[in-house]
Amino acid sequence: MAVLVVICEVAFWVLLAAGLALRYGAKMPRASVAVLLCEPLLEVLLLVVTAIDLKNGAEPDWKHGLAAVYIGYSIALGHYTVRWVDVRVAHRFAGGPPPSTPKYGVPRAIHEWKIAARWVVAALIAMGLLQAAIWYVGPDGSTASLTQWQQRMLFLIGINVVIAASYTVFPKKVPTVTTYKG
């Protein structure tokens, strides 16, 4: 199971690199889109294999929890990650505009809250999948490791909210430029 999660993660980055290579290197944007649209199939594969593994009597453990977290991340942040990498590759290799992540003040705080919201959604999806697995296994199975993953997701939500709140309460200020008068 853990090997499958690693394979899916590696496949995500391989498909992303292949899609961007087709878009910017080979100038084949349609083929690029086709390759990038294969990304969600990885999550479907992982979900199906995880369900089959549990159905066949596997004891729920950290690997099943990791699969749920990976699926949550991919659903909530996968598209954002692809866009984030795409902008940087376009800028570096295709003359695209530079990435424009805000650095200071309210725009940076808003950016951080948007990132936090994505992580919260990822954690909630993972928690939902974990709860579904707990119900699927039933009261006779050992589901302590899945419950621990749910607690980790609550911790993840807390960390992201604290980070976003820190940018709201203590916004980064634009550095002042001082000129030398000597």
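The bend at a residue is the angle between axes fitted to the seven residues ending there and the seven starting there. With that in hand, welcome to a predicted model in which helix H4 (residues 62-94) carries a kink of about 60°, centred on Leu77. Helix H4 packs against H5 at an angle of about 150°, against H3 at about 155°, and crosses H6 at roughly 35°. The notes below go through the helices, their contacts and two residues worth a look on screen.

**Two helices of 33 residues**

- H5 covers residues 105-137, and its 33 residues reach 48 Å from the first C-alpha to the last, close to the 48 Å expected at 1.5 Å a residue.
- H4 spans only 42 Å between its end C-alpha atoms, where a straight helix of 33 residues would span 48 Å.
- The kink in H4 is centred on Leu77, and Leu77 is also one of the residues that H4 brings to its contact with H5.
- Gly95 follows H4 and has a positive phi, near 70°.
- Gly138 follows H5, again with a positive phi, here near 90°.

**H4 with H5**

- The axes of H4 and H5 lie 7 Å apart, at an angle of about 150°.
- Angles over 145 degrees count as roughly antiparallel, and H4 and H5 are therefore roughly antiparallel to each other.
- H4 passes H5 in a right-handed crossing.
- From H4, the contact takes in Gly65, Ala68, Val69, Ile71, Gly72, Tyr73, Ile75, Ala76, Leu77, Tyr80 and Arg83.
- From H5, the partners are His111, Ile115, Arg118, Trp119, Val121, Ala122, Ile125, Ala126, Leu129 and Leu130.
- Sorted by class, this contact has 16 nonpolar, 3 polar and 2 charged residues.

**H3 with H4**

- H3 (residues 39-55) packs on H4 at an angle of about 155°, with the two axes 10 Å apart.
- That angle makes H3 roughly antiparallel to H4.
- The crossing of H3 and H4 is left-handed.
- H3 contributes Glu43, Leu46, Leu47, Thr50, Asp53 and Leu54, while H4 contributes His64, Ala67, Tyr70, Ile71 and Ser74.
- The residues of this contact divide into 6 nonpolar, 3 polar and 2 charged.
- Ile71 of H4 appears in the contact with H3 and also in the contact with H5.

**H4 with H6**

- The axes of H4 and H6 come within 8 Å of each other, and their crossing is right-handed.
- On the H4 side, the contact is made by Trp62, His64, Gly65, Leu66 and Val69; on the H6 side, by Ser145, Leu146, Trp149 and Met153.
- By class, the contact of H4 with H6 has 6 nonpolar, 3 polar and no charged residues.
- Gly65 and Val69 of H4 take part here and in the contact with H5, whereas His64 takes part here and in the contact with H3.

**Two residues to look up**

- Tyr167 sits in helix H6 (residues 144-169).
- Setting aside residues up to four places away in sequence, Tyr167 touches Arg108, Ala109, Glu112 and Lys172.
- Between Tyr167 and Val35 there are 37 Å from C-alpha to C-alpha, with 132 residues separating them in sequence.
- Leu22 belongs to helix H1 (residues 2-25).
- With the same sequence neighbours left out, Leu22 touches Lys27, Met28, Ala31, Ser32 and Val35.
- Leu22 and His111 are 89 residues apart along the chain, and their C-alpha atoms are separated by 30 Å.

Terms used. Residues numbered from 1 in each chain as written. Predicted model: local features only at pLDDT ≥ 70, side-chain atom pairs only at ≥ 80, totals over all residues. Heavy atoms only, no water. Helix = DSSP H or I, 4+ residues; strand = E, 2+ residues; numbered from the N terminus. Expected span 1.5 Å × (residues − 1). Axes fitted to C-alpha atoms, helices over the stretch in contact; angles between N-to-C directions. Parallel < 35°, antiparallel > 145°, perpendicular 65-115°, else oblique. Left-handed = near helix turned anticlockwise from the far one by under 90°. Contact = heavy atoms within 4.5 Å. Nonpolar A, V, L, I, M, F, W, Y, C, P; charged D, E, K, R; others polar.
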